[in-house]
Amino acid sequence: MEKETVTSAVALRDETLLIRRILDGQTALFRQLAGRYAGQVLRMVARLIPSPEEAEEVTQDVLFEAYQSLARYDAQKASFQTWLLSIAYHTALKHYRQRRKHIATIDVEQQWLDAIPDAEADALLDDTTAHRVALMEKAIDQLKPDDQMLLNLYYFDNRPVRDIAVITSHDEPYLYSRLQWIRKKLAIIIKTLESNEER
């Protein structure tokens, strides 16, 4: 554990020095800095933008914006990686909203959300049978893009909520509440999809 902390500190110091050198005029070093996280940025963008060409284009937009905004980066508020993913998150959502196509969704009423117990929602979502996983994928596709991204950041990328707060520009209490709401909504959508299959 101690070794990991030392390694993290060294990496952070290296990154801070690299950023300082870029801001001091060694702009070619930005390619080295951005290269460390370009794959993560592309994966985040591709979750909302399935076209490989478009996702690559948006990723380049993200890196360009990060380069232009580098002087505003504050290492006291977030790591460079988190700051960069915040730019990716907002850029991908903006691009998605400009080009989105209508997707048929299942409306979930608030009273349904209030009526489903947490334990029931958890049981539905923890079921990893092939059929349930397929329904989960369909259910996720019916969420708003912001909620899809939040779900991916927390459950699939295992990012801490404090980092997600920086990435999404939401405070932590809101995110905890929203994540619980999303879990319940997914459970209801899954139940609805199963019910539709039985007809």
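Modeller: A helix here is a DSSP run of H or I with at least four residues, and helices are numbered from the N terminus. With that in mind, Asp 157 can be placed in the loop between H9 and H10. Please note that the model is predicted.

Colleague: How many helices and strands are there in the chain?

Modeller: The chain contains 11 helices and zero strands. Read along the sequence, its pattern is therefore α-α-α-α-α-α-α-α-α-α-α, each run being assigned by DSSP.

Colleague: What pLDDT does the chain average?

Modeller: The average is 85, and 86% of the residues score at least 70. Residues 1-7 need separate treatment: their pLDDT is below 50, and beyond near neighbours in sequence this stretch makes zero contacts in the model.

Colleague: What percentage of the residues count as buried, and what share of the contacts joins residues 24 or more positions apart?

Modeller: Of the chain's 199 residues, 41% count as buried. Among contacts with a separation of 6 or more, 70% join residues that are 24 or more positions apart.

Colleague: How should one read the nonpolar core, and how many residues has the largest one?

Modeller: In soluble globular proteins, nonpolar side chains tend to be buried together. In this structure the largest nonpolar core has 57 residues. The residues with the most contacts inside that core are Phe 30, Met 44, Leu 70, Phe 80, Leu 84 and Leu 186. Helix H5, residues 80-99, supplies the largest share of the core, namely 10 residues.

Colleague: Which residues is Phe 80 in contact with, leaving aside neighbours within four places in sequence?

Modeller: Phe 80 is in contact with Glu 15, Ile 19, Phe 30, Leu 33, Tyr 37, Leu 70 and Tyr 73. Phe 30 and Leu 70, both in that list, are also named among the core residues with the most contacts.

Colleague: Is Leu 84 buried or exposed?

Modeller: The test is relative accessible area, with under 20% counting as buried. Leu 84 has a relative accessible area of 0%, so this residue is buried. Leu 84 has its place in helix H5. Neighbours within four places in sequence aside, Leu 84 is in contact with Tyr 37, Val 41, Val 62, Leu 63 and Ala 66. From Leu 84 to Leu 70 the C-alpha to C-alpha distance is 9.7 Å, with their positions 14 residues apart in sequence.

Colleague: Is Tyr 96 buried or exposed?

Modeller: Tyr 96 also lies in helix H5. Its relative accessibility is 17%, so Tyr 96 counts as buried. Tyr 96 and Ile 49 are 47 residues apart in sequence, and their C-alpha atoms are 6.7 Å apart in space.

Colleague: How do two helices cross, taking H8 and H11 as the case; at what angle do their axes cross?

Modeller: The axes of H8, residues 130-141, and H11, residues 172-198, cross at roughly 115° and come within 9 Å. This crossing is right-handed. On the H8 side the contact is made by His 131, Arg 132, Leu 135, Met 136, Lys 138, Ala 139 and Ile 140. On the H11 side stand Leu 186, Ile 189, Ile 190, Leu 193, Glu 194 and Glu 197. Sorted by class, these contact residues are eight nonpolar, one polar and four charged.

Colleague: Turning to the loops, which residues does Asp 157 touch, not counting residues up to four places away in sequence?

Modeller: Asp 157 touches Arg 47 and Asn 152. Asp 157 has a relative accessible area of 30%, so this residue is partly exposed. Asp 157 and Met 44 are 113 residues apart in sequence, while their C-alpha atoms are 9.8 Å apart.

Colleague: Where is Lys 144 placed?

Modeller: Lys 144 is in the loop between H8 and H9. Lys 144 is partly exposed, at 47% relative accessible area. Between Lys 144 and Ile 182 there are 38 positions in sequence and 10.0 Å in space, C-alpha to C-alpha.

Colleague: What is the phi of Asn 158?

Modeller: Most residues other than glycine have a negative phi. Asn 158 has a positive phi of about 55°, although it is not a glycine. Asn 158 is in the loop between H9, residues 145-156, and H10, residues 161-168. With 60% relative accessibility, Asn 158 counts as exposed.

Colleague: What is the phi of Ser 169?

Modeller: Ser 169, a residue other than glycine, has a positive phi near 65°. Ser 169 lies in the loop between H10 and H11. At 56% relative accessibility, Ser 169 counts as exposed.

Methods. Residues are numbered from 1 along each chain as its sequence is written. This is a predicted model: local features need pLDDT of at least 70, side-chain atom pairs count only at pLDDT 80 or more; totals for chains, interfaces and linings use all residues. Side-chain values use heavy atoms; hydrogens and water are left out. Axes are lines fitted to C-alpha atoms, for helices over the stretch in contact, and angles run from 0 to 180 degrees between N-to-C directions. A crossing is left-handed if the near helix is turned anticlockwise from the far one by less than a right angle, and right-handed if clockwise. Contact means heavy atoms within 4.5 Å. Ala, Val, Leu, Ile, Met, Phe, Trp, Tyr, Cys and Pro count as nonpolar, Asp, Glu, Lys and Arg as charged, and the others, Gly among them, as polar. A nonpolar core is a set of buried Ala, Val, Leu, Ile, Met, Phe, Trp, Tyr and Cys residues joined through side-chain atoms within 4.5 Å. Buried means under 20% relative accessible area, exposed over 50%, partly exposed in between (1.4 Å probe, protein chains only). pLDDT is the predictor's confidence in each residue, from 0 to 100.
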